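Visitor: I should like to learn why the parts of this structure are described as they are. Please show it to me before we begin.

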Amino acid sequence: DQLGSAEAGVIVSRYGQHADVADQHGQLHRCHIRRTVESLVCGDKVIWRRAKEASEGPAGVIEAVNERHSLLSRPDYYDGIKPVAANIDQIFIVSSVLPSFSAQIIDRYLVACEDADIEPVIVLNKVDLLVDLEASERADIDAYLAAYEQLGYRVLRVSSRQQDGLSPLFNAMNNRVSVFVGQSGVGKSSLVNALLPDVEALTQQVSDNSGLGQHTTTVATRYALAAPFSSTAEAAIIDSPGIREFSLWHLDAERVAWCFIDFRPYLGRCKFRDCKHRDDPGCAIQQAVADNDIYAWRLANFHRIIDSMETQRPARADKK
Ligand code: GDP
Ligand code: ZN
């Protein structure tokens, strides 16, 4: 009929009933999504067929989605939990020396990573500014990072400005699909630019080839980063404001506790099933803190996270 044979592709970005598919050569094609395809997001691997005649219509049709190995979701006011991006291998949680280092924010992102079962890598950026800190502030940051390493998380110390410590980060991106998260101002853009000076050109290329005209930053987009990596490697970054600013209010307190990996051995051992791990008698987590088996600041951050979930969870009374 009108369509060619089945081909493999990957979703670069999705717009309603259409999506941009990258073919095996990285060329983009604006395709129609078959109604039988139930859910489709950026990063999905798909089977598609290209239209035989280049005409006004879509360049092809997406017919099926491969199984995902990971899915990052975002709470949505109306839709509940909304999938945003698929097949992400790792999330770089970027923090920085200045304006402030926040273990609480790192813990929030770690919870999101654990919930989605995506490997986190903690990146401390702006290490060139460490010399400006008081010795005690430096010691605090070191202690937090050492604690994360002890929990089993990978920690990288870098300066995008001085191009310092970038090769482990660059190497970690080889053959993997990565996401950079972190508060505004920590240096995510600077870091991506230092690692991949061509990434801005890539952004441009995506919008041009798609025929979209204008680059839509609200849509999650997958940037293939083949060029600077080894010839056999495939690397990509997925980015969107929705990914950078994900929140956690769709999780319940029990799930958040499980996402604190150091709590796991103690969960289910508290005296009361609905233990909030505060002043509750017979709390196994409080006991572990007293025994120095769990850091007190991790438990404090857990409470801050579940408290803020209560206040930030929007009232959805008007949802129809
Ligand atoms: P983003 O909001 O996370 O994308 O952060 P930006 O990349 O826009 O960086 C925020 C500010 O931090 C900019 O003024 C950068 O020049 C600065 N910055 C980024 N990386 C470094 C670094 O390694 N050292 C220092 N001193 N400043 C940095
Ligand atoms: Zn407890």
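Guide: Donors are N, O and S atoms within 2.8 Å of the metal (3.2 Å for Na, K and Ca); water is not among the atoms, so sites may look incomplete. This is a predicted model, in which local features need pLDDT of at least 70 and side-chain atom pairs pLDDT 80 or more, while totals for chains, interfaces and linings use all residues. Residues are numbered from 1 along each chain as written, chains are lettered from A and ligands numbered from 1 in written order, and side-chain values use heavy atoms, without hydrogens or water.

Visitor: Which residues are the donors of the zinc ion (ligand 2), and how are they spaced in sequence?

Guide: Cys-270 (SG), Cys-275 (SG), His-277 (ND1) and Cys-283 (SG) coordinate the zinc ion (ligand 2) at 2.1 to 2.4 Å. These distances lie within 2.8 Å, and the four atoms therefore count as donors. Their spacing in sequence is C-x4-C-x1-H-x5-C. Cys-270 and Cys-283, 13 residues apart, are both in the loop between helix 7 (253-259) and helix 8 (284-290). Helices (H or I, at least four residues) and strands (E, at least two) are DSSP runs, numbered from the N terminus.

Visitor: Why is the site of the zinc ion (ligand 2) called tetrahedral?

Guide: The angles among its four donor atoms are 105 to 114°. Four donors count as tetrahedral if all angles lie between 85 and 135 degrees, so this site qualifies.

Visitor: What makes helix 3 and helix 4 roughly perpendicular?

Guide: The axes of helix 3 (residues 166-173) and helix 4 (residues 188-195) come within 10 Å and cross at roughly 80°. Axes are lines fitted to C-alpha atoms, for helices over the stretch in contact, and angles run from 0 to 180 degrees between N-to-C directions. Since 65 to 115 degrees counts as roughly perpendicular (under 35 is roughly parallel, over 145 roughly antiparallel, the rest oblique), helix 3 and helix 4 are therefore described in that way.

Visitor: Which residues make this contact, and of which class are they?

Guide: With contact meaning heavy atoms within 4.5 Å, helix 3 contributes Leu-166, Leu-169, Phe-170 and Met-173, and helix 4 contributes Leu-191, Ala-194 and Leu-195. The contact has seven nonpolar, no polar and no charged residues. Ala, Val, Leu, Ile, Met, Phe, Trp, Tyr, Cys and Pro count as nonpolar, Asp, Glu, Lys and Arg as charged, and the others, Gly among them, as polar.

Visitor: How do you know that strand 8 and strand 11 pair?

Guide: Two strands pair if DSSP finds at least two bridges between them. Four bridges join strand 8 (residues 90-96) to strand 11 (residues 177-181), so these parallel strands meet the condition. Gln-90 has Ser-178 as its bridge partner in strand 11. Strands 8 and 11 belong to an open, mixed sheet of six strands in the order 10-9-8-11-13-12.

Visitor: Why are strand 10 and strand 12 called edge strands?

Guide: Strand 10 (154-157) and strand 12 (221-224) each pair on one side only.

Visitor: What is the order of the strands that close into a barrel?

Guide: Five strands form the barrel in the order 1-2-3-5-4, with mixed pairing. Strand 1 (residues 3-15) and strand 4 (residues 45-51) are antiparallel over six bridges, and Ala-8 stands opposite Ile-47 in strand 4. The twist of this barrel averages 55° from one strand to the next.

Technical notes:
Tetrahedral: all angles 85-135°; square planar, octahedral: opposite > 155°, others 65-115°.
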